Amino acid sequence: PLQCDLTGWWENELGSKMHVSEVDSQGNFSGEYHTAVSSAQKPIEPSPLIGSQHLDEDGQCTFGFTVNWKFSDSTAVFTGQCFAGEGGEEVLQSTWLLREKVDSLPSDWKATRTGHNVFTRMG
Ligand code: B9F
């Protein structure tokens with residue numbers, strides 16, 4: 001569609017799934033992130049996300065959201081943009097930063113990972 005409403009279920013190339021429950025009139029949203037991968041000691045749990053998107057009507061909105069991992073002391077932020085794929089399907093291109101908790105200032109240098117995820121709508 002020539003719009004980008006992030007509401008609904010999305011899956012990335014790792015198999016992680018996220019559900020955006022509702023986007024309000026300001027573009028603010030919340031939802032849940034189900035990561036398919038983790039190297040935490042504890043079992044994976046669905047974790048809350050909160051974010052915002054632009055409400056441009058050209059289908060190419062930018063967005064950002066934060067995930068507060070419930071099973072670890074770490075935090076991830078994602079930022080990205082919606083596009084229409086070859087077949088007109090919605091594609092979210094995103095870049096993430098994952099902040100791991102470290103025990104001291106001298107360890108700060110190694111606390112952040114980054115990467116790229118591509119999401120498509122499920123169902
Ligand atoms: O595995 C991560 C973690 C943080 C501190 C101990 C374990 C938590 C899950 C992150 C999931 C990431 C990927 N999933 C996805 O869909 S968020 C970005 C990727 N996209 C050890 C220290 C830091 C990481 C591993 Fe840990």
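Q: Buried means under 20% relative accessible area. With that cut-off in mind for this predicted model, why is Ala76 called buried?
A: Ala76 has a relative accessible area of 3%. Buried means under 20%, so Ala76 is buried. This residue is found in strand E6, and its C-alpha atom is separated by 16 Å from that of His19, 57 residues apart along the chain.

Q: Good start! What makes Ser47 count as buried?
A: The relative accessibility of Ser47 is 0%. The cut-off is under 20%, so Ser47 counts as buried. You will find Ser47 in strand E4, which covers residues 47–53.

Q: How do you know that the side chain of Ser47 has a polar contact with the backbone nitrogen of Lys70?
A: Check the distance: a polar atom of the Ser47 side chain and the backbone nitrogen of Lys70 are 3.0 Å apart. A polar contact needs a pair of N or O atoms within 3.5 Å, so this pair counts as one.

Q: And Ser16, why is that residue called buried?
A: Ser16 has a relative accessible area of 1%, and the cut-off for buried is under 20%, therefore Ser16 is buried. The residue sits in the loop between strand E1 (8–12) and strand E2 (17–23). A polar atom of its side chain lies 2.9 Å from the backbone nitrogen of Ala36, and Ser16 is also listed among the closest residues to the ligand.

Q: What makes Thr35 buried, given its place in a loop?
A: Thr35 lies in the loop between strand E3 (28–34) and E4. What decides the label is the relative accessibility of 12%. Buried means under 20%, so Thr35 counts as buried.

Q: Why is Met122 called partly exposed?
A: Met122 has a relative accessible area of 29%. Buried would need under 20% and exposed over 50%, so Met122 falls in between and is partly exposed. Met122 belongs to the segment after E8. Its C-alpha atom is 9.6 Å from that of Asn12, although 110 residues separate the two in sequence.

Q: Let's turn to the ligand. How do you know that Tyr33, Ser38 and Asn117 have polar contacts with the ligand?
A: Set each distance against the limit, which is within 3.5 Å for a pair of N or O atoms. A polar side-chain atom of Tyr33 is 2.6 Å from a ligand oxygen. For Ser38, an N or O atom of the side chain is 3.2 Å from an oxygen atom of the ligand. In the case of Asn117, the partner is a nitrogen atom of the ligand, at 2.8 Å from an N or O atom of the side chain. Each of these distances is within 3.5 Å, so each pair is a polar contact.

Q: Which residues and strands make up the shell around the ligand?
A: The ligand is surrounded by 19 residues, with Ser16, Tyr33, Ser39, Ser74 and Asn117 the closest. Strands E7 (90–99) and E8 (112–121) each supply at least two residues of this shell. By class, the shell holds nine nonpolar, eight polar and two charged residues.

Q: What is known about the space that the ligand takes?
A: That space is the largest pocket. The largest pocket contains about 630 Å³ of space. Its lining has 23 residues, and those closest to the centre are Ser38, Ser39, Trp69, Ser74 and Leu98. Strand E6 (75–84), E7 and E8 each give two or more residues to the lining. Its classes are 10 nonpolar, nine polar and four charged residues.

Methods. Residues numbered from 1 in each chain as written. Predicted model: local features only at pLDDT ≥ 70, side-chain atom pairs only at ≥ 80, totals over all residues. Heavy atoms only, no water. Near = heavy atom within 4 Å. Polar contact = N/O pair within 3.5 Å; in protein donor to acceptor, adjacent residues only side chain to side chain. 1 Å grid on protein atoms, 1.4 Å probe; cavity = no way out; pocket = protein on both sides within 12 Å on 5 of 7 lines; lining within 4 Å. Sits in = over half its atoms within 2 Å of the grid points. Helix = DSSP H or I, 4+ residues; strand = E, 2+ residues; numbered from the N terminus. Nonpolar A, V, L, I, M, F, W, Y, C, P; charged D, E, K, R; others polar. Points joined across faces, edges and corners; volume = space filled by probe spheres on them. Buried < 20%, exposed > 50% of the residue type's maximum accessible area, 1.4 Å probe, protein only.
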